[in-house]
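Subject: Structure for you to look over

Hello,

Please find the structure we talked about below. My notes on what turned up in it follow.

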Amino acid sequence: MFCLKTINGLFYFEKGKIMIYSDKYKKEQFKNVYFITGTATGGKTTISKALAEKYGWLRYDVDEEFDRHKSLSNSKDNPAMNKTFKNADEFFMRDVNEYEKWLKDNTREQLPFVLDDLIKLSKKQKVVCDLHLLVEEAEQIADKNQVVFLIRENNENIIDDYCHRKSHEGFNRFINSATDPEAAKQNCNTVLRKINVERCNDIRNSNFFWIARNENSTIENTLRLVEEFFGLIKTEN
């Protein structure tokens, strides 16, 4: 069994899956947390914001916490989180396999910090969490009625969606600072699409509730489906 240590916990590989092994993380500790996860551009941010606003819950966005978590990490236990890049060319023009591995490692290394936060924050309040969660990770930390996967399949231009979001203005400036911005966008898009396809397949083959976003999807309809699943409103006949 190969182990990957982190500062807050221990991951290990079992039958090709990454598992969390720590007595710190029990499902009971996350009973007040609603997990909104899924793939890139699936609608996680929009729906988690809508839920938080409507029900007065605390919204927790993993991406917004990254810099703080990085300050608590160290390069030995969290090498991906602490990897530095000289410029946009070095960041975006990496080999796609190396780039993909870094993105996955980065997310996995941050997860223990996220879980620690959620345990503390949800003791006396409901929390809706916008995060990147693998199926096998979700299985270990939450009951199925607490998790919704939002996916978007066949999205050929993930990077365009990213660059046009107001919340991603910094990312947009950074990628456009590359020597060849279009090449940087193409390389990044290739990696994101590869991860998207893989995760969509895993989610569709899981026992979790998922909603696929398409050209006919609306925020209102998606929110209603999520509310019905969480038991917040009655299911329409």
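One aromatic cluster is made up of Phe-85, Phe-91, Phe-92, Tyr-99, Trp-102, Phe-171 and Phe-174. Please keep in mind that this is a predicted model. Two rings of the cluster, Phe-91 and Tyr-99, also have an arginine over them. Arg-94 lies over the face of Phe-91, 4.8 Å from the ring centre, and its charged end also sits over the ring of Tyr-99, at 4.4 Å from the centre of that ring.

Aromatic pairs

The search of the whole structure gave 16 aromatic pairs. The rings of Phe-149 and Phe-208 are edge-to-face, because their planes stand at 65°, and over 60 degrees counts as edge-to-face. Their centres are 5.4 Å apart. Phe-149 belongs to strand S7 (residues 147–152), while Phe-208 is in the loop between helix H8 (181–204) and strand S8 (209–213). The pair therefore ties together parts that are 59 residues apart in sequence. Both Phe-149 and Phe-208 are buried.

Phe-209 and Phe-229 form a stacked pair, with ring centres 4.4 Å apart and planes at 5°; under 30 degrees counts as stacked. Phe-209 is in strand S8 and Phe-229 in helix H9 (residues 219–230), so this pair links parts that are 20 residues apart in sequence. Phe-209 is partly exposed, at 26% relative accessible area, and Phe-229 is partly exposed too, at 27%.

The sheet

How are the strands of the open sheet ordered? There are five, in the order S5-S6-S4-S7-S8, and the pairing is parallel. Strand S5 (58–61) and S8 are at the edges. Each of these has a single partner strand, so one side of each is left without a neighbour in the sheet. From one strand to the next the twist averages 20°.

At the S5 edge, S5 and strand S6 (residues 127–130) pair in the parallel sense over four bridges. Within this part of the sheet, Asp-61 stands opposite Asp-130 in S6.

Which helices pack on the sheet? One of them is H1, which touches S4, S5, S6 and S7. The direction of H1 makes about 170° with that of S6. H4 also packs on the sheet, with S4, S5 and S6 as the strands it touches. Its direction makes about 170° with that of S5.

Two single residues

Lys-120 is in helix H4 (residues 96–121). Is this lysine buried or exposed? Lys-120 counts as exposed because its relative accessibility is 62%, and the cut-off for exposed is over 50%. Lys-120 and Gln-29 are 91 residues apart in sequence, but their C-alpha atoms are 9.0 Å apart in space.

The other residue to look at is Thr-41. Most residues other than glycine have a negative phi. Thr-41 is not a glycine, yet its phi is positive, at about 60°. Thr-41 is in the loop between strand S4 (33–38) and helix H1 (44–55). With a relative accessibility of 2%, Thr-41 counts as buried, since buried means under 20%.

Regards

Conventions
Residues numbered from 1 in each chain as written. Predicted model: local features only at pLDDT ≥ 70, side-chain atom pairs only at ≥ 80, totals over all residues. Heavy atoms only, no water. Phe/Tyr/Trp six-rings, centres within 6.5 Å; stacked < 30°, edge-to-face > 60°. Helix = DSSP H or I, 4+ residues; strand = E, 2+ residues; numbered from the N terminus. Buried < 20%, exposed > 50% of the residue type's maximum accessible area, 1.4 Å probe, protein only. Lys NZ or Arg CZ within 6 Å of the ring centre and 35° of its normal. Pairing = 2+ DSSP bridges. Axes fitted to C-alpha atoms, helices over the stretch in contact; angles between N-to-C directions. Contact = heavy atoms within 4.5 Å.
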